[in-house]
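Trainee: I have not looked at this structure before, and I would like to learn how to read it feature by feature. Could we begin with a single residue and then work outwards?

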Amino acid sequence: MSDIMIRPARADDAAAFEAVVRAAYGPWIGRLEGLPDVSAGIAGEIADHHVWLASTGEADTIVGGIVLHVSAEEARIANLAVHPDCGGRGIGRALMGVALAAAHRAGHRRIALATHRDMTPTLRFYRNDGWEEVGREGVRIFMEKPLE
């Protein structure tokens with residue numbers, strides 16, 4: 001992963017991050033019941049929340065990103081996406097590490113997320129990273145992880 005850089009997102013990164021999100025969720029779009037438009041609102045996320053992007057090379061090509069919502073009540077991963085051409089390189093874990101550290105610095109002891117019950121590779125990734133299922137509602141699985 002030595003050629004990967006992680007940095008805060010800028011407003012002009014919205015289109016590139018949207019493309020990564022669409023590619024990452026591509027196999028699931030239109031196939032999974034209840035899957036929302038996962039690339040909608042990326043510009044607003046960048047403007048209103050914590051968003052970090054993973055990029056490669058001198059061209060600063062965006063290959064992944066994570067969106068963290070932090071409030072007084074909770075810290076929550078709203079989206080994590082890695083371009084499928086770059087999977088298995090530790091990019092998702094690196095992005096997650098940045099978000100977990102930010103949530104911890106904000107004073108939270110746990111972090112939350114929701115995912116789709118049928119996205120088994122995603123569920124496996126989270127479970128292998130220490131996330132625990134804390135509830136279900138329809139097609140959504142709610143997970144939490146303690147912050148150290």
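Trainee: Which residues does Asp-13 touch, not counting residues up to four places away in sequence?

Mentor: Please keep in mind that this is a predicted model. With the close sequence neighbours set aside, Asp-13 touches Arg-7, Pro-8, Ile-46, Leu-53 and Ile-62. One of these pairs can also be followed through the backbone, since the C-alpha atoms of Asp-13 and Ile-46 are separated by 8.5 Å, although the two residues are 33 residues apart along the chain.

Trainee: Where is the place of Asp-13, and is Asp-13 buried or exposed?

Mentor: Asp-13 sits in the loop between E1 and helix H1, which covers 14-25. A residue counts as buried when its relative accessible area is under 20%, and Asp-13, with a relative accessible area of 5%, is therefore buried. For the chain as a whole, 42% of the 148 residues count as buried.

Trainee: How many helices and strands does the secondary structure of the chain come to, and what pattern does the chain follow along the sequence?

Mentor: There are four helices and seven strands, and reading along the sequence gives the pattern β-α-α-β-β-β-α-β-α-β-β. Contacts can then be sorted by the distance along the sequence: among those between residues at least 6 apart, 61% join residues at least 24 apart.

Trainee: What order do the strands of the sheet have?

Mentor: The general idea is that strands of a sheet pair through backbone hydrogen bonds, either parallel or antiparallel. In this model, seven strands make an open sheet with mixed pairing, and their order is E1-E2-E3-E4-E5-E7-E6. Strand E1 (4-8) and strand E6 (132-137) stand at the edges, and because each has a single partner strand, one side of each is left without a neighbour in the sheet. From one strand to the next, the twist averages 25°.

Trainee: How many bridges join E3 to E4, and how many join E4 to E5?

Mentor: E3 and E4 run antiparallel and are joined by seven bridges, and these two strands form a hairpin with four residues between them. Within that pairing, His-69 has Arg-76 of E4 as its bridge partner. On the way to E5, two bridges join E4 to its parallel partner, where Arg-76 stands opposite Ala-112 and Ile-77 stands opposite Leu-113. Between these strands the chain crosses from E4 through H3 to E5, in a β-α-β crossover that is right-handed.

Trainee: Why is E5 largely enclosed by the rest of the structure?

Mentor: Five of the seven residues of E5 are buried, so this strand is largely enclosed by the rest of the structure. E4 is likewise largely enclosed, because six of its eight residues are buried. E5 is also joined to E7 by seven bridges, and the two run antiparallel, with Arg-140 in E7 as the bridge partner of His-116. Continuing to the edge, five bridges join E6 to E7 in an antiparallel arrangement, and there Arg-136 stands opposite Ile-141 in E7.

Trainee: Which strands does helix H4 lie across, and at what angle do H3 and H4 pack?

Mentor: Helix H4 (residues 120-128) lies across E4, E5, E6 and E7, and it runs at about 160° to E5. Helix H3 (residues 91-105) lies across E1, E2, E3, E4, E5 and E7, running at about 160° to E4. The two helices pack at an angle of about 55°, with their axes 12 Å apart, which makes H3 oblique to H4. H3 passes H4 in a right-handed crossing, where the contact is made by Gly-92, Arg-93 and Met-96 of H3 and by Phe-125, Tyr-126 and Asn-128 of H4.

Trainee: Which residues does Thr-115 touch, not counting residues up to four places away in sequence?

Mentor: Thr-115 lies in strand E5 and is buried, with a relative accessible area of 9%. Its contacts, counted in that way, are Thr-122, Leu-123, Tyr-126, Val-139, Arg-140, Ile-141 and Met-143. Of these, Thr-122 is found in helix H4 and is partly exposed, with a relative accessible area of 22%. The C-alpha atoms of Thr-122 and Leu-80 are separated by 9.8 Å, with their positions 42 residues apart along the chain.

Conventions. Residues numbered from 1 in each chain as written. Predicted model: local features only at pLDDT ≥ 70, side-chain atom pairs only at ≥ 80, totals over all residues. Heavy atoms only, no water. Buried < 20%, exposed > 50% of the residue type's maximum accessible area, 1.4 Å probe, protein only. Contact = heavy atoms within 4.5 Å. Pairing = 2+ DSSP bridges. Axes fitted to C-alpha atoms, helices over the stretch in contact; angles between N-to-C directions. Right-handed = clockwise from strand over helix to strand, strands pointing away. Parallel < 35°, antiparallel > 145°, perpendicular 65-115°, else oblique. Left-handed = near helix turned anticlockwise from the far one by under 90°.
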